[in-house]
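Q: Could you walk me through the inside of this protein, starting with the core and then moving on to any empty space?

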Amino acid sequence: MTAPLKHSDPVKVDVALGDRAYDIVIGRDVLASLGERITRLRPGVRTAIVTDRTVAKYWLEPTEASLAAAGIPTSRIVVEEGEISKTYAGLEKVSEALIAAKIERNDLVIALGGGVVGDLAGFAAAILRRGVDFVQVPTSLLAQVDSSVGGKTGINSPQGKNLLGAFHQPVLVIADTAVLDTLSPRQFRAGYAEVAKYGVLGDEAFFTWLEKNHADIFKGGSAREHAIATSCRAKAAIVSRDERETGERALLNLGHTFGHALEAATGFSDRLFHGEGVSIGIVLAAEFSARLGMIGEAEAVRVERHLAQAGLPTRLQDIAGFAQEGLADADALMALMAQDKKVKRGKLTFILLEAVGRAVIAKDVEPTPVRDFLKEKLAHRA
């Protein structure tokens, strides 16, 4: 834990990956320094900005102005907002536009947006000319604390979340906390689920701090910057030790096995934002851990209570259209979880809890107890 940051003090978090190390720059109004930082990092480059229509309304012109002030030529590629762009068709659109913009191997792709844009633009950069570097400029809380850091890029398959992709690290991350002021309350809450995740999986002191300070994080100010910096440090430390998720990086998937299945069941639509699925997934993981005797019921209740107090969904019944076929059916959810990237030889892997602040990787989980657990949770009514 660090002392809360002041607005005037941008902080750098180093992602220590040897010759591929990069900085995460966190602070209010740091977007204005993007052009200057890119010039120092890669003098003489051309850039292409990938963004979505909503982000473009607020932040495309300021981003272009920062690049222009540094003498960096750029082009823009604008996609539709949301998971609808994180598809084969979306990847084709962005890739062809990058080729048309004559982005070469020594140039840079700039991902200006939330997790969808970061994943999509990063994957396009990874496969363009067999690899072009890119910069992450995350504009959502979820992207600033999670998806922009660590080099996971990709798109969805109709059969599951993030089933096509590549590890491709950015060369710089600019997390401007001022851009979060334009998020809707629902979008901000969804991102907060990933902040809480870091406390639940590995830092009980941070989770306790969040319980006391989450309202101030939502209001803005130094508490928000402190939460983002602490989350980024936690992820950067794990990524530096396990870049390709052969071991402990899987802990970052706490809540995601359940959550991704719920996203797929809702058609990757705005019925359930990613962070909302993660919130429900974290609660399910805590409750399943209690069912297995790994933690006490009180600890599972503590996790659920905090996420609910933050305004996040915590139960399956909180999802819009809960009763629709596929969502309220345990077998259908099990089939979707069977497509999870952590599945090995058909065996499920879950991230479970031994305590609040101590997650573990549970391999070879038998499906029957999971199915029975889901049936019980699905049977609950409001």
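**Core and cavities**

A: In this predicted model, the largest nonpolar core has 77 residues, and those with the most contacts inside it are I26, L34, I38, V135 and Y192.

Q: And where does this core lie relative to domain 1 and domain 2?

A: This core lies between them, because domain 1 (11-182) and domain 2 (185-379) both give residues to it.

Q: What is Y192 in contact with, leaving aside its neighbours within four places in sequence?

A: With those neighbours left out, Y192 is in contact with L141, L210, H214, I217, F218, H306, A310 and L312. There is also a second, separate core of 25 residues, which includes L284, L316, M334 and M337.

Q: Switching to empty space, how many cavities of 30 Å³ or more turn up in the whole structure?

A: A search of the whole structure finds four of them, and the largest cavity has a volume of about 90 Å³. Of the 13 residues that line the largest cavity, K161, H260, L336, Q339 and D340 are the closest to its centre.

Q: Which elements give two or more residues to that lining?

A: Those elements are β8 (160-167), α9 (256-265) and α12 (330-337), and α9 gives the most, with four residues.

Q: What's the lining like by class?

A: The lining of the largest cavity has five nonpolar, five polar and three charged residues.

Q: Why is the largest cavity said to lie between the domains?

A: Domain 1 (11-182) and domain 2 (185-379) both give residues to the lining of the largest cavity, and therefore the cavity lies between them.

Definitions and conventions
Residues are numbered from 1 along each chain as its sequence is written. This is a predicted model: local features need pLDDT of at least 70, side-chain atom pairs count only at pLDDT 80 or more; totals for chains, interfaces and linings use all residues. Side-chain values use heavy atoms; hydrogens and water are left out. On a 1 Å grid over the protein atoms alone, a cavity is a set of points where a 1.4 Å probe fits but cannot get out, and a pocket is an open set with protein on both sides within 12 Å along at least five of seven lines; lining residues have an atom within 4 Å of a point. Grid points are joined across faces, edges and corners, and a volume is the space filled by probe spheres set on the points. Ala, Val, Leu, Ile, Met, Phe, Trp, Tyr, Cys and Pro count as nonpolar, Asp, Glu, Lys and Arg as charged, and the others, Gly among them, as polar. Domain bounds come from an automatic or database domain assignment. A nonpolar core is a set of buried Ala, Val, Leu, Ile, Met, Phe, Trp, Tyr and Cys residues joined through side-chain atoms within 4.5 Å. Buried means under 20% relative accessible area, exposed over 50%, partly exposed in between (1.4 Å probe, protein chains only). Contact means heavy atoms within 4.5 Å.
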